[in-house]
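Open your viewer, switch to a cartoon view and keep the selection box handy. We'll go from stop to stop, selecting a few residues each time.

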Amino acid sequence: MASNIGLDEEDFIELLEMLVNVSLTDIKNFETALASGNYTSAAMSAHSIKGAAANLGLTDISAVAAELEKASKNSDLSSIPEKIASLKQQLNHISETLK
């Protein structure tokens with residue numbers, strides 16, 4: 001994957017570690033914004049995850065974040081818990097793989 005985006009493996013791993021850490025923070029921010037009814041802020045947090053994941057070629061994570069962004073913009077809360085769980089699972093998998 002690293003070579004697909006023009007990075008050596010060491011730099012790619014470093015970026016993956018940063019992505020996991022920042023995305024977990026973005027998920028917390030998303031949940032906090034959602035709990036307070038600030039759907040715009042929640043959408044921004046999801047957008048951040050979507051873009052960062054896409055930049056690293058992590059299309060599954062990016063797609064789930066895009067769905068979260070859309071759901072929060074539309075105030076469609078029904079699918080959000082499942083999508084949050086999916087994101088956390090994928091990020092934790094990356095984190096465990098990097099150890």
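Here is a tour of the helices, their contacts and a few single residues.

**Before you start**

This is a predicted model, so local features need pLDDT of at least 70 and side-chain atom pairs count only at pLDDT 80 or more, while totals for chains, interfaces and linings use all residues. Residues are numbered from 1 along each chain as its sequence is written, and side-chain values use heavy atoms, with hydrogens and water left out.

**Stop 1: H1 and H2**

Select residues 9-35, which is helix H1, and then 39-55, which is helix H2. (Helices are DSSP runs of H or I with at least four residues, numbered from the N terminus.) The axes of H1 and H2 come within 8 Å and cross at roughly 165 degrees. An axis here is a line fitted to C-alpha atoms over the stretch in contact, and angles run from 0 to 180 degrees between N-to-C directions. H1 and H2 are therefore roughly antiparallel, a label for angles over 145 degrees. H1 passes H2 in a left-handed crossing, meaning that the near helix is turned anticlockwise from the far one by less than a right angle.

Now show side chains. On the H1 side, residues that meet H2 include Leu 19, Ile 27, Phe 30 and Leu 34. Their partners in H2 include Tyr 39, Ala 42, Ile 49 and Ala 53. Contact means heavy atoms within 4.5 Å. By class, this contact of H1 with H2 has eleven nonpolar, five polar and one charged residues. (Ala, Val, Leu, Ile, Met, Phe, Trp, Tyr, Cys and Pro count as nonpolar, Asp, Glu, Lys and Arg as charged, and the others, Gly among them, as polar.)

**Stop 2: H2 and H3**

Keep H2 and add H3, residues 59-73. The axes of H2 and H3 come within 8 Å and cross at roughly 165 degrees. That makes H2 roughly antiparallel to H3, and H2 passes H3 in a left-handed crossing. Try picking out Ala 46, His 47 and Lys 50, which are among the H2 residues in this contact. Across from H2, the H3 residues include Ile 61, Ala 65, Leu 68 and Glu 69. The contact of H2 with H3 has eleven nonpolar, three polar and three charged residues.

**Stop 3: Leu 58**

Click on Leu 58, in the loop between H2 and H3. Is Leu 58 buried or exposed? Leu 58 is buried, with a relative accessible area of 12%. (Buried means under 20% relative accessible area, exposed over 50% and partly exposed in between, using a 1.4 Å probe and protein chains only.) Want to try the distance tool? The C-alpha atoms of Leu 58 and Gln 90 are 32 residues apart along the chain and separated by 10 Å.

**Stop 4: H3 and H4**

Next, select residues 80-98 for H4. The axes of H3 and H4 come within 10 Å and cross at roughly 155 degrees, and H3 and H4 are therefore roughly antiparallel. Their crossing is left-handed. Val 64 and Ala 71 are among the H3 residues that meet H4, where the partners include Lys 83, Leu 87 and Ile 94. This contact of H3 with H4 divides into ten nonpolar, three polar and three charged residues.

Pause at Ser 75, in the loop between H3 and H4. Ser 75 has a positive phi of about 55 degrees although it is not a glycine. Most residues other than glycine have a negative phi. Ser 75 is partly exposed, at 40% relative accessible area.

**Stop 5: the core**

Which residues touch the most other members of the largest nonpolar core? Select Phe 30, Leu 58, Ile 61, Leu 68, Ile 80 and Leu 87: these are the ones, out of 24 residues in that core. A nonpolar core is a set of buried Ala, Val, Leu, Ile, Met, Phe, Trp, Tyr and Cys residues joined through side-chain atoms within 4.5 Å. H1, H2, H3 and H4 each supply at least two residues of this core, and the largest share, eight residues, comes from H1.

**Last stop: two residues to compare**

Find Ile 84 in H4. Ile 84 counts as buried at 6% relative accessibility. Leaving aside neighbours within four places in sequence, Ile 84 is in contact with Ile 27, Phe 30, Glu 31 and Leu 68. Then go to Leu 15 in H1, which counts as partly exposed at 31% relative accessibility.

Technical notes:
Angles under 35 degrees count as roughly parallel, over 145 as roughly antiparallel, 65 to 115 as roughly perpendicular and the rest as oblique.
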